[in-house]
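Morning, everyone. Please have the sequence and the model open side by side. I'll keep this short.

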Amino acid sequence: MNCRNCGAKLEGIKTTLPFKVRHDAIVIIKSLPVLQCQNCNDYVMEDHVMAGVDSIMAKVDQTAELEILDYAV
């Protein structure tokens, strides 16, 4: 698969990404599988990974300002 931004090859890696869930709350997901561009570092999440992120977000503690979780779906 090629990068939609620059056309270079995408490589499967695991990374850590933050997700803002409210104006005062962030969830950080570690070991998240993404396809990252080797040239411009843009990334793409595949549909099944995004479904896993949605599942994780549905279980987040709504009172926490910061939560750090591993992607294990």
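First, a term: helices (H or I, at least four residues) and strands (E, at least two) are DSSP runs, numbered from the N terminus. Next, the ground rules. This is a predicted model, where local features need pLDDT of at least 70 and side-chain atom pairs count only at pLDDT 80 or more, while totals for chains, interfaces and linings use all residues. Residues are numbered from 1 along each chain as its sequence is written, and side-chain values use heavy atoms, with hydrogens and water left out.

Start with S31. Its place is in strand β2. Its phi is near 60 degrees, a positive value in a residue other than glycine. Most residues other than glycine have a negative phi. S31 has 33% relative accessibility and counts as partly exposed. On that scale, buried means under 20% relative accessible area, exposed over 50%, and partly exposed in between, with a 1.4 Å probe and protein chains only. N41 is not a glycine either, yet it has a positive phi of about 70 degrees. N41 lies in the loop between β2 and β3.

Now the strands. β1 and β2 run antiparallel, joined by 11 bridges. Two strands pair if DSSP finds at least two bridges between them. A hairpin of two residues makes the connection from β1 to β2. R22 has A25, in β2, as its bridge partner.

On to the helix. How many residues does α1 have? It has 12, residues 47-58. From first C-alpha to last, α1 reaches 17 Å, close to the 16 Å expected at 1.5 Å a residue. The expected span is 1.5 Å times one less than the number of residues. Buried in α1 are V49, G52, V53, I56 and M57. Seen down the axis of α1, these buried residues fall within an arc of 140 degrees, so they line one face of the helix. The arc is that of the directions from the helix axis to the C-beta atoms. What covers them? The cover includes β1 (10-22), β2 (25-37) and β4 (66-70). Contact here means heavy atoms within 4.5 Å. The face of α1 turned away from the buried side carries the exposed residues D47, H48 and A58.

Charges next. Side chains of opposite charge can pair when their charged atoms come close. The structure holds two salt bridges. The criterion is a side-chain nitrogen of Lys or Arg within 4 Å of a carboxyl oxygen of Asp or Glu. One joins D42 and R4, at 3.8 Å, N to O. D42 sits in the loop between β2 and β3 (43-44) and R4 in the segment before β1, so this pair ties together parts that are 38 residues apart in sequence. R4 is exposed, at 63% relative accessible area, and D42 is partly exposed, at 22%. The side chains of D24 and R22 also meet in a salt bridge, at 3.5 Å, N to O. D24 is partly exposed at 38% relative accessibility, and R22 is partly exposed at 26%.

Last, the cysteines. How many disulfides does a search of the whole structure find? Zero. A disulfide is a pair of cysteine sulfur atoms within 2.5 Å. For C37, the closest cysteine sulfur is in C6, 3.5 Å away and too far for a bond. C40 is in no disulfide, and its nearest cysteine sulfur, that of C3, is 3.7 Å away. C37 is buried at 2% relative accessibility, whereas C40 is partly exposed at 32%.
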